[in-house]
Amino acid sequence: MHTDSNVCEKSSSLPLLVAMTLFAALVVPVQLTPQKIMTYGVPGADTGTGQGTPGSASAQAAHTAFGPSNPLYVPSTLPFHAPPFDKIKDEDYQPAIEAGIEQNREEIRAIADNPEEPTFENTFVAMEKSGRLIDRVCDVFYGIIAANVNPVLQKVQDTEAPKLAALQDAIYLNPKLFQRVEKVYQQRHSLNLDPESLRLVEYDYNEFVLAGARLSDADKAKLKELNEEEANLTTAFISKLLAATKAAGYVTKDMSALAGLSDAELAAAATAAKERKVEGWELPMQNTTQQPILQSLTNRDTRHAVFENSWNRTERGGDNDTRATIARLAQLRAEKAKLIGFANYAAWSLSDQMARTPGAALKFMDALVPASTAKVAGETKDIQALIDAQYGGFTLEPWDWDFYSEQVRKAKFDVDESQVKPYFELNNVLHNGVFYAATMLYGITFQQRFEIPVYDPDVQVYEVFDVDGKPLALWYCDYFKRDNKNGGAWMSTFASQSKLLGTLPIVLNVANFSKPAAGEPALLSFSDVTTMFHEFGHALHGMFADTTYPSLSGTAVPRDYVEFPSQFNEHWASYSAVFDHFAHHYKTGAPMPAELAQKIKKSETFNQGYMLTELLAAAELDMQWHTVSPDAPLQNPDAFETAALRKTHLALSAVPPRYRSSYFMHIWGNGYQAGYYAYLWCEMLDNDAFQWFLDNGGLTRANGDRFRRMILSRGNTEDLGKAFAAWLGREPEIGPMLKARGLTPEAPAK
């Protein structure tokens with residue numbers, strides 16, 4: 001009953017809503033996955049649980065290829081039991097996964113068939129301890145499949161996804177197991193359980209019910225069929241999208257088409273073309289609709305071509321067209337919701353989230369639309385005025401927005417990215433920004449570990465030490481774009497914290513920054529800087545976990561809460577005491593001039609109408625897809641999207657949704673279905689939280705320690721709404737969010 005630890009990311013006020021591949025095939029509608037599949041165990045782990053070891057007779061009979069020669073057979077002997085990437089080969093994963101599935105089935109059968117009366121220990125604790133092998137293998141495999149995929153690993157995922165989905169069903173739809181869970185649940189208040197144990201009982205019971213444990217045998221059989229189909233469709237979508245995004249790169253042999261790009265950007269484009277074995281230059285696609293490179297390209301025809309490649313990447317017909325896949329996924333999910341007893345998929349999915357109902361989420365989003373679109377109208381007017389002043393002779397289109405908005409930004413704030421980037425060298429930002437803020441707030445320190453093997457030469461590893469000097473976590477970072485890496489940025493774990501299992505967290509942060517040419521520094525935009533802080537906020541949430549049960553540890557929280565710690569951590573990127581510590585020129589070491597730094601900070605609310613509107617459009621699309629009636633016919637994705645945007649007053653010609661339905665990885669492959677609103681919901685929390693810090697002394701150890709103790713360390717061990725209110729001293733308010741985005745009306749001049 002453990003949540004998948006891979007976490008989708010976004011930058012709350014900068015254009016970086018990004019994606020990654022979650023353990024999508026296993027995500028139940030409440031986004032949480034069985035602990036049997038995703039328990040995170042490494043340090044101090046044994047090779048089994050007493051209910052079947054990796055070398056058990058039945059497992060070995062079924063999987064003779066899996067034995068002691070496989071590096072995944074037993075926990076690694078490396079520090080923290082880190083994955084032995086120097087020994088793991090692609091062909092090691094599949095036999096390990098299949099042996100883990102078989103072992104876990106045996107463990108679940110043993111728990112369900114236990115002749116003793118069900119107790120908290122022999123049912124709930126036993127489930128928490130089960131699945132050590134499959135967890136260890138999947139922790140590594142699904143971290144790598146998102147960051148470093150290849151055809152062999154893709155085939156393993158395609159093959160194993162339905163088997164893992166079936167394993168989930170074998171757990172949640174096991175009638176004997178549910179009888180034991182239900183009996184303990186009914187007695188829970190008389191068992192003298194500590195608060196965390198009581199939370200686990202109630203959490204697990206609810207997950208069983210939402211997964212269909214109360215269904216008739218016939219309906220369970222139908223649900224299993226739908227789950228298997230969804231697993232296959234999800235895997236197909238991910239494969240199609242990865243291939244489509246790769247194929248959609250803009251390629252040219254004409255250097256003049258790339259006018260406006262810097263020497264570094266041209267070198268990166270040449271390297272991309274060389275890696276793809278094509279002549280000339282290539283501009284690879286990122287996962288979002290808009291492409292960052294559009295900001296620099298002066299050739300309007302090139303901008304148009306790049307945008308069209310992005311917009312139509314999955315709608316060109318052929319093997320990589322995803323429209324039929326997503327139409328069936330939406331229909332299938334509605335059918336599942338009806339089986340469980342809900343009006344639509346969103347009602348099912350949100351029943352255990354902070355928002356609770358689709359109506360609440362829609363009301364929250366709808367309230368933002370007027371202010372957002374009004375801001376866009378003003379921004380559109382400013383950009384069109386600039387185009388007209390330059391005698392452009394055309395009406396603003398989506399492929400023009402970033403190019404001309406950057407000019408408006410420069411005119412208003414005189415912020416030139418080429419002037420800014422030299423002050424944001426990646427390693428300096430990491431050490432003197434991200435790490436520095438964490439040390440100031442929480443007292444933790446970092447030491448790079450060069451001897452721990454990695455899955456790609458670009459990956460770095462750090463050991464994290466707590467304030468008392470004790471090992472706290474192992475942290476990996478993988479920052480540069482590769483063709484075989486999913487787009488965007490994310491956090492996942494190779495292991496998570498658990499007192500019960502004696503494990504410490506191993507956390508991975510991944511991004512897609514442009515890789516510099518050999519010998520050149522990696523210079524970042526301020527948006528990239530904010531991304532680093534965001535992802536590390538997720539990492540801190542995982543590293544500071546201090547819970548007994550793995551199912552409730554770290555980022556195992558509702559979607560509309562999980563982005564709160566990461567978005568909160570973004571604020572320190574522009575906080576003066578931190579910003580001044582890392583914003584230094586990579587050649588001279590000189591601090592960024594105060595005037596330039598002030599312009600960056602003042603420009604943070606620039607273009608917020610556009611950024612919020614494209615985000616709202618995607619979030620509303622998600623909710624419209626997942627509130628389709630179970631009795632509705634199969635939808636035409638293009639027609640559905642057009643109607644949905646009009647219905648929500650977000651059909652703006654110059655502002656397309658951040659993700660088109662056909663390449664919306666979050667909702668079709670990442671477990672964020674009916675949950676994309678969560679980024680905005682969490683933004684309300686993070687801005688309110690940061691305002692509390694400002695009101696109480698800002699960046700201090702006392703504030704950091706209190707935040708760690710009451711928020712970051714608690715995982716899902718208590719009601720999170722109550723926990724937030726207890727820390728803040730009141731219920732959250734939307735005012736700080738509107739202020740941060742520049743959407744609060746200015747007071748009239750006196």
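# Worked exercises on a predicted model

Ser310 is found in helix α11, which covers residues 300-311. Keep in mind as you work that the model is predicted.

## Exercise 1: Around Ser310

Work out whether Ser310 is buried or exposed, and which partners its side chain has.

*Solution.* Start with the accessible area. Ser310 has a relative accessible area of 0%, and buried means under 20%, so Ser310 is buried.

Next, take the polar partners. The side chain of Ser310 reaches the backbone oxygen of Thr289 at 2.7 Å. There's also a polar contact of 2.7 Å between the side chains of Ser310 and Arg313.

Now look at the neighbours. Not counting residues up to four places away in sequence, Ser310 touches Met285, Thr288, Thr289, Gln291 and Tyr663. Two of these names lead somewhere: Thr289 supplies the backbone oxygen, and Tyr663 has the charged end of Arg313 over its ring, 4.2 Å from the ring centre.

## Exercise 2: A pair of rings in a helix

Find how Phe120 and Phe124 are arranged, and say where they lie.

*Solution.* A search of the whole structure turns up 60 aromatic pairs. In one of them, Phe120 and Phe124 are 5.9 Å apart centre to centre, with 15° between the planes. Planes under 30 degrees apart count as stacked, so Phe120 and Phe124 form a stacked pair.

Then place them. Both sit in helix α4 (residues 120-129), four residues apart, or about one turn of the helix. An α-helix has 3.6 residues a turn, so residues three or four places apart point the same way.

Finally, check the burial. Phe120 is buried at a relative accessible area of 8%, and Phe124 is buried at 0%.

Before moving on, pick out two other aromatic features. One aromatic cluster is formed by Tyr561, Phe564, Phe568, Trp572, Tyr575, Phe690, Trp692, Phe693, Phe707, Phe724 and Trp727. Elsewhere, Arg188 puts its charged end over the ring of Tyr185, 3.9 Å from the centre.

## Exercise 3: The span of α5

Compare the reach of helix α5 with what's expected, then see how covered the helix is.

*Solution.* Helix α5 (residues 132-147) has 16 residues. From first C-alpha to last it reaches 23 Å, close to the 22 Å expected at 1.5 Å a residue. As for cover, 16 of the 16 residues of α5 are buried.

## Exercise 4: Salt bridges

Which parts of the chain does the Glu117–Lys183 salt bridge tie together?

*Solution.* The structure holds 42 salt bridges. Side chains of opposite charge can pair when their charged atoms come close. For Glu117 and Lys183, the N to O distance is 2.7 Å. Glu117 lies in the loop between α3 (93-112) and α4, while Lys183 is in helix α7 (residues 175-187), so the bridge ties together parts 66 residues apart in sequence. Glu117 is exposed at 51% relative accessible area, whereas Lys183 is partly exposed at 31%.

Now try Arg449. Its salt bridge partner is Glu451, with the closest N and O atoms 2.4 Å apart. Arg449 counts as buried at 17% relative accessibility, but Glu451 counts as partly exposed at 49%. Another set of salt bridges shares partners, joining Glu315, Asp321, Arg323, Asp638, Glu641 and Arg660 into one network.

## Exercise 5: Two glutamines

Find where Gln460 and Gln673 sit, and list what they contact.

*Solution.* Take Gln460 to begin with. Gln460 is in strand β5 (residues 460-465). Gln460 and Arg449 are 11 residues apart in sequence and 7.9 Å apart in space, C-alpha to C-alpha. The side chain of Gln460 makes a 2.9 Å polar contact with the side chain of Tyr462. Setting aside neighbours within four places in sequence, Gln460 is in contact with Asn427, Gln448, Trp475, Tyr476 and Cys477.

Then turn to Gln673, which is in the loop between α24 (665-669) and α25 (678-695). At 3% relative accessibility, Gln673 counts as buried. Its side chain reaches the backbone nitrogen of Gly671 at 3.5 Å. Leaving out neighbours within four places in sequence, the contacts of Gln673 include Glu230, Arg333, Tyr345, Asp622 and His626. Lys722 is another matter: Gln673 and Lys722 are 49 residues apart in sequence and 25 Å apart in space, C-alpha to C-alpha.

Definitions and conventions. Residues are numbered from 1 along each chain as its sequence is written. This is a predicted model: local features need pLDDT of at least 70, side-chain atom pairs count only at pLDDT 80 or more; totals for chains, interfaces and linings use all residues. Side-chain values use heavy atoms; hydrogens and water are left out. Rings of Phe, Tyr and Trp (its six-membered ring) pair if their centres lie within 6.5 Å; planes under 30 degrees apart count as stacked, over 60 as edge-to-face and the rest as tilted. Buried means under 20% relative accessible area, exposed over 50%, partly exposed in between (1.4 Å probe, protein chains only). A charge sits over a ring if NZ of Lys or CZ of Arg is within 6 Å of the ring centre and within 35 degrees of the ring normal. The expected span of a helix is 1.5 Å times one less than its number of residues. Contact means heavy atoms within 4.5 Å. A polar contact is a pair of N or O atoms within 3.5 Å; within protein, one must be able to donate a hydrogen and the other to accept it, and residues adjacent in sequence count only if both atoms are side-chain atoms. A salt bridge is a side-chain nitrogen of Lys or Arg within 4 Å of a carboxyl oxygen of Asp or Glu.
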